[in-house]
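This report covers selected aromatic, strand and buried-residue features of one protein chain. Please keep the sequence and the structure open while reading.

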Amino acid sequence: MTDADTTTTTTTAADWRAWQVSWDRQQEWYMPDREQRFRTMLDMVEALVGPAPRVLDLACGTGTITARLLARFPRATSTGVDLDPALLAIAEGTFAGDERVSLVAADLKDPDWTARLPYGSYDAVLTATALHWLHAEPLAALYGQVAELVRDGGVLMNADHMIDETTPRINAAERAQRHAQMEAAKRDGALDWAQWWQLAAKDPVLAGPTARRFEIYGEHADGDTPSAAWHARVLREKGFGEVRPVWCSPSDTLLLALK
């Protein structure tokens, strides 16, 4: 490899790392406690299926969960599934050459999406801040498909917005406080969702995938945020034996379902 080749390779790798960091900062603007849920998620992976799991990173985005999984468990393997061309491009750049990672472009609303997976079963299915893009009916159907992929003794963990509609005053107070903190962070230079995508649209590598992404999704999908109790009930109906929260914030819950 020539010095020029080395420089090009290093620059490209640095760009992908920069996009990962930028994505993390944008997401943390919405969820300052984001890393807490990931730590708990991986704690429970280790506790229930061990330090070398086969993982399905569901709606993987840029591969946020996969990156943390492999940093903590080097013998783990991960299959990342998503439909977003831009976020998958970042994931592909990040994990290029890593044989532990497979990335699959698939629509989770497609009844046959599981046929694209490299494995028929997984120790753990992990997802975060993604499935609220689905309405309740397709989400319930997805939970049924995931239940068939998780081996006996394996786990599904979903960290997402789970809103209890029986506590409207608490919900309103939490939302007002959270948005006040977000506005303060934005005044200090934090990027929001729209601003981050504007930057991606201007990047020479991501401009094309970003345009395709907006053709698929528009500005934002209009899904549902049912309560943790709803998720737990549906997961039990779909075949999981034990389900309960293992972490929560005032607005979000990490729900663990054990097969």
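Trp 193 has a relative accessible area of 17%, so this residue is buried. The model is a predicted one. Trp 193 shares helix H7, residues 193-202, with Trp 197, and the two are four residues apart, about one turn of the helix. At 3% relative accessibility, Trp 197 is buried as well.

**Aromatic residues**

How many aromatic pairs does a search of the whole structure find? The search finds eleven. One of them joins Trp 133 and Tyr 217, in an edge-to-face arrangement with 5.2 Å centre to centre and 80° between the planes. Trp 133 is in the loop between strand S4 (122-128) and helix H5 (136-149), while Tyr 217 is in helix H8, so this pair ties together parts that are 84 residues apart in sequence. Trp 133 counts as buried at 18% relative accessibility, and Tyr 217 counts as partly exposed at 24%. The pair of Trp 193 and Trp 197 is also classed as edge-to-face, because the ring centres are 5.8 Å apart and the planes stand at 65°; the cut-off for this class is over 60 degrees.

These four residues belong to one aromatic cluster, which is formed by Trp 19, Trp 23, Trp 133, Trp 193, Trp 196, Trp 197, Phe 214 and Tyr 217. Arg 213 adds a charge to two of the rings. Its charged end sits over the ring of Trp 197, at 4.4 Å from the ring centre. Arg 213 also lies over the face of Phe 214, where the distance to the ring centre is 4.7 Å.

**Thr 210 and helix H8**

Helix H8 spans residues 207-217 and includes Thr 210. Is Thr 210 buried or exposed? Its relative accessibility is 2%, so Thr 210 counts as buried. The side chain of Thr 210 reaches the backbone oxygen of Leu 206 at a distance of 2.7 Å. Beyond its neighbours within four places in sequence, Thr 210 is in contact with Ala 86, Trp 197, Ala 200 and Ala 201. Trp 197 therefore appears here again, as a buried residue at 3% relative accessibility.

**Strand S7 and its partners**

Which residues of strand S7 (residues 252-258) are buried? Seven of the seven are, so the strand is largely enclosed by the rest of the structure. In a regular strand the side chains alternate between the two faces of the sheet. In S7 both faces are covered: Asp 252, Leu 254, Leu 256 and Leu 258 are buried on one side, and Thr 253, Leu 255 and Ala 257 are buried on the other.

S7 pairs with two strands. Strand S5, residues 150-161, runs antiparallel to S7 and is joined to it by seven bridges. Within S7, Asp 252 is the residue that stands opposite His 161. S6 also runs antiparallel to S7, with six bridges between the two. S6 and S7 form a hairpin, and three residues lie between them.

Cys 248 belongs to strand S6, residues 242-248, and its bridge partner in S7 is Thr 253. Cys 248 and Met 162 are separated by 86 residues in sequence, yet their C-alpha atoms are 9.5 Å apart in space.

**Cysteines**

The count of disulfides in the model is zero. Cys 60 has 6% relative accessibility and so counts as buried. Cys 248, at 54%, counts as exposed.

**Thr 129**

Thr 129 is located in the loop between S4 and H5, the loop that also holds Trp 133. Its relative accessible area is 18%, so Thr 129 is buried. Leaving aside neighbours within four places in sequence, Thr 129 is in contact with Gln 27, Met 31, Arg 37, Ala 159, Asp 160 and His 161. His 161 is the residue that stands opposite Asp 252 in S7.

**Accessibility in brief**

The table collects relative accessibility for some of the residues discussed.

| Residue | Relative accessibility | Class |
|---|---|---|
| Cys 60 | 6% | buried |
| Thr 129 | 18% | buried |
| Trp 133 | 18% | buried |
| Trp 193 | 17% | buried |
| Trp 197 | 3% | buried |
| Thr 210 | 2% | buried |
| Tyr 217 | 24% | partly exposed |
| Cys 248 | 54% | exposed |

How values were computed: Residues are numbered from 1 along each chain as its sequence is written. This is a predicted model: local features need pLDDT of at least 70, side-chain atom pairs count only at pLDDT 80 or more; totals for chains, interfaces and linings use all residues. Side-chain values use heavy atoms; hydrogens and water are left out. Buried means under 20% relative accessible area, exposed over 50%, partly exposed in between (1.4 Å probe, protein chains only). A polar contact is a pair of N or O atoms within 3.5 Å; within protein, one must be able to donate a hydrogen and the other to accept it, and residues adjacent in sequence count only if both atoms are side-chain atoms. Contact means heavy atoms within 4.5 Å. A disulfide is a pair of cysteine sulfur atoms within 2.5 Å. Rings of Phe, Tyr and Trp (its six-membered ring) pair if their centres lie within 6.5 Å; planes under 30 degrees apart count as stacked, over 60 as edge-to-face and the rest as tilted. A charge sits over a ring if NZ of Lys or CZ of Arg is within 6 Å of the ring centre and within 35 degrees of the ring normal. Two strands pair if DSSP finds at least two bridges between them.
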